[in-house]
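Hi,

Here's the structure I said I'd pass along. Have a look when you get a minute, and my notes are underneath.

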Amino acid sequence: MEFIDTHAHLDAFQTTGELESAIKRAKDANVTRIITCSARKCDWQNFSKIAREHKGCVFWQMGIHPTEIEDGDEEFLESAKDFLKSDMPPVSIGEIGLDFYKFEGSREEFEKMKSRQERLFKAQLEIAKNAGLPVCVHARSAVEEAIKIIDESGFDWGKVVFHCFSGTASQLEMLNSRGGRASFTGIITYKNAEQMRESMLAQGLSKIMFETDCPYLAPVPMRGKPNEPSYIPFIAQKSAELFGISIEEIAEISTKNAREFFGI
Ligand SMILES: [Zn+2]
């Protein structure tokens with residue numbers, strides 16, 4: 001039995017000196033592959049290095065997260081081609097997208113932020129399209145806006161995952177009907193997350209992939225602790241119960257889905 005954590009932020013473990021032990025604990029828990037996801041441009045070099053040091057176990061995604069955009073990032077995207085050509089290229093472009101959650105500024109500031117996020121999102125979709133890579137989309141309080149941009153870009157929906165999906169049932173239907181998918185975190189183990197569990201069931205097993213989004217969102221029974229890749233089996237166990245299948249079956253299906261989606 002093996003699992004894949006399709007979305008982890010491994011830099012958090014470097015900060016605490018826990019990277020090697022966290023990877024070891026993941027392997028001990030049958031989480032044989034971890035995809036570490038970029039948020040800032042400084043992650044790119046770092047994650048390609050970690051992937052090189054843990055070849056076959058750690059893979060990386062290259063992108064700039066909508067709330068982490070800094071001046072100069074649009075120019076920085078030029079360097080994507082060097083990473084794509086390197087001996088350790090990313091397996092996906094992510095996380096990229098839109099985040100309009102609880103913005104506390106004037107209308108004018110909001111519009112400025114929104115257009116900056118949209119520009120970066122479109123530019124990174126273009127990078128993924130040219131490289132033939134899938135994208136990991138972060139869309140918070142902006143699911144339909146993100147769908148619209150992907151539609152307009154002509155990007156292949158079969159290569160789109162909305163990670164840590166937090167949209168409604170009808171938004172999930174919008175994704176699925178286009179051929180896109182959502183992935184789910186430990187939130188599905190939380191008591192008040194009925195809507196998310198329903199979304200996961202509605203999407204079905206054919207697209208299921210698991211992610212921790214660690215160090216955030218630790219699943220029950222680890223809730224409140226820093227999350228890590230080795231906690232994937234808690235999420236998988238809960239999902240297996242919801243789908244009414246065994247953990248071995250869901251391990252096999254989710255691993256196959258993730259390997260196909262990310263080409264790993
Ligand atoms: Zn993330």
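Below is what turned up, starting with the sheet and ending with the cavity.

Keep in mind that this is a predicted model. The sheet is an open one of seven strands, ordered 1-2-3-4-5-6-7, with parallel pairing. Its edges are strand 1 (3-8) and strand 7 (181-182), each of which pairs on one side only.

Let's take the strand 1 edge to begin with. Strand 1 runs parallel to strand 2 (residues 31-37), and four bridges join the two. If you want a spot to check on screen, D5 has I34 in strand 2 as its bridge partner. Despite being an edge strand, strand 1 is mostly covered, with six of its six residues buried.

Over at the other edge, strand 7 pairs with strand 6 (residues 160-162) in the parallel sense, over two bridges. Here F162 stands opposite A182 of strand 7.

F162 also turns up in the next part, as one of the residues that line the largest cavity. How many cavities of 30 Å³ or more does the structure hold? Just one, and the space in the largest cavity comes to about 30 Å³. Along with F162, the lining is made up of V137, A139, V143, H163, C164, F165 and S166. Sorted by class, that lining has six nonpolar residues and two polar ones, with no charged residues. So F162 is a handy place to start: F162 faces A182 across the strand pairing and also belongs to the cavity lining.

Cheers

How values were computed: Residues numbered from 1 in each chain as written. Predicted model: local features only at pLDDT ≥ 70, side-chain atom pairs only at ≥ 80, totals over all residues. Heavy atoms only, no water. Pairing = 2+ DSSP bridges. 1 Å grid on protein atoms, 1.4 Å probe; cavity = no way out; pocket = protein on both sides within 12 Å on 5 of 7 lines; lining within 4 Å. Points joined across faces, edges and corners; volume = space filled by probe spheres on them. Nonpolar A, V, L, I, M, F, W, Y, C, P; charged D, E, K, R; others polar. Buried < 20%, exposed > 50% of the residue type's maximum accessible area, 1.4 Å probe, protein only.
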